Amino acid sequence: MTESHASSVPAELPAEAGAADLPVAVAALYCFTPLPQFESLREPLRQRMSSDGIRGSLLLAGEGINGTISGPRELMEPFIEWLRSMELDDQATPFRGMDVKWSFCEQVPFRKTKVRLKREIVTMGVSSIDPLRSVGTYIEPQDWNALVDDPDVTLIDTRNDYEIEIGTFEGAVNPHTESFREFPQFVEENLDPKKHPKVAMFCTGGIRCEKSTAYLKERGFEEVYHLRGGILNYLEKMPEEESRWQGECFVFDNRVAVDHQLQAGEYELCHGCGWPLTPEMKQHSDYERGVACSRCAADVTDDQRKRRRMRQQQFDQGV
């Protein structure tokens, strides 16, 4: 257990991960660091990504960087190293402590290259929260099982309903949120420092827990823990036979979800409602690719169906 903020995750591609023959590397990354001139980084990042054939999305804000990007394995490691060594006029290597989780796949899971400017790199909507000032205690994957076995620990999944639907840790509380902005309300209505003396939280890659643990610390919770590197790090580091993870892990790219080997799972995404679909759900009479599924079909208007069909046709044509 450690309270150190810098995760020191190496830039090098892991030798293991069970994907030696897969040609595309995917990097989920984030770094909380003051970036007073973050707007000036947008174009250099976009140009480097475009020239290297790297696709995906990066978010920049005054509090740091966040995103998931992908490209040929031989180009992704140099890009991450370049990002970590980047020097700004008023800062030396602000991204040197950047957290990176690797996974691999057959094809690049993004269609475009995007660098966006935001108010927050993960939107919680609480301006006073600063993970660089106060954050929960990090728990390494190999120590996670022992922590959550403690009967005094309240285990909370900080992700949203559509993510939790396809996988979570055994015994985890589902906050039933549609967006991370709703998490503070969940805390106010359901958690009490006196009734919940120990709280452990987890998310996909770790970034949401940076803010959720900081929020709980601000609200008077003393023993607050979070899984270092999130679910993705746990799946990479923990042998499946020792794992407490159940199901697949939702990811924010065209793979939709990854299994315990961090390879694309069986789910696809409904582009109507954004929820993941099993192969069985795709056989339902209400399912139409790119348009609607049994969960949302009744709420889709004729005009929406028309627009979505046109969009799907353009997508199929590579437009």
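**Group meeting: a walk through the model**

Okay, let's start with one residue: Thr93 is buried, and its relative accessible area comes to 18%. The cut-off for buried is under 20%, so with 18%, Thr93 makes it into that class. Before I go on, please keep in mind that we're looking at a predicted model.

So where is Thr93? You'll find Thr93 in the loop that runs between helix H2 (73–85) and strand S4 (99–105). And what is Thr93 in contact with, if we leave aside its neighbours within four places in sequence? That would be Arg84, Ser85, Met86 and Glu87.

Let's zoom out. The domain assignment splits the protein chain into domain 1 (24–117), domain 2 (137–247) and domain 3 (268–317). If you take the C-alpha centres of domain 1 and domain 3, they are 31 Å apart.

Now, the cores. In soluble globular proteins, nonpolar side chains tend to be buried together. Here, the largest nonpolar core has 27 residues, and the ones touching the most other members are Leu45, Ile65, Ile69, Ile80, Phe95 and Met98. Which elements give two or more residues to this core? Strand S1 (24–32), helix H1 (42–52), strand S2 (55–61), strand S3 (64–72), H2 and S4. There's another core lying apart from that one, with 23 residues, including Phe32, Ile121, Val122 and Met201.

Hold on to Phe32, and let's talk rings. The model has twelve aromatic pairs. One of them is Tyr30 with Phe32, an edge-to-face pair at 6.1 Å centre to centre, with 70° between the planes. Tyr30 and Phe32 are both buried.

Another aromatic pair is Trp144 with Phe202, also edge-to-face. For this one, we have 6.3 Å centre to centre and 80° between the planes. What I like here is that this pair links distant parts of the chain: Trp144 sits in helix H3 (residues 141–148) and Phe202 in strand S9 (residues 198–202), 58 residues apart. Buried or exposed? Trp144 and Phe202 are both buried. And they have company, as Trp144, Phe169, Phe202, Tyr234 and Trp245 make up one aromatic cluster.

Last stop: charges over rings. Arg228 lies over the face of Tyr138, 4.4 Å from the ring centre. Then there's Arg295, which lies over the face of Trp275 at 3.9 Å from the ring centre.

That's my tour, thanks for listening!

Methods:
Residues numbered from 1 in each chain as written. Heavy atoms only, no water. Phe/Tyr/Trp six-rings, centres within 6.5 Å; stacked < 30°, edge-to-face > 60°. Buried < 20%, exposed > 50% of the residue type's maximum accessible area, 1.4 Å probe, protein only. Helix = DSSP H or I, 4+ residues; strand = E, 2+ residues; numbered from the N terminus. Lys NZ or Arg CZ within 6 Å of the ring centre and 35° of its normal. Contact = heavy atoms within 4.5 Å. Domains from an automatic or database assignment. Core = buried A, V, L, I, M, F, W, Y, C linked by side-chain atoms within 4.5 Å.
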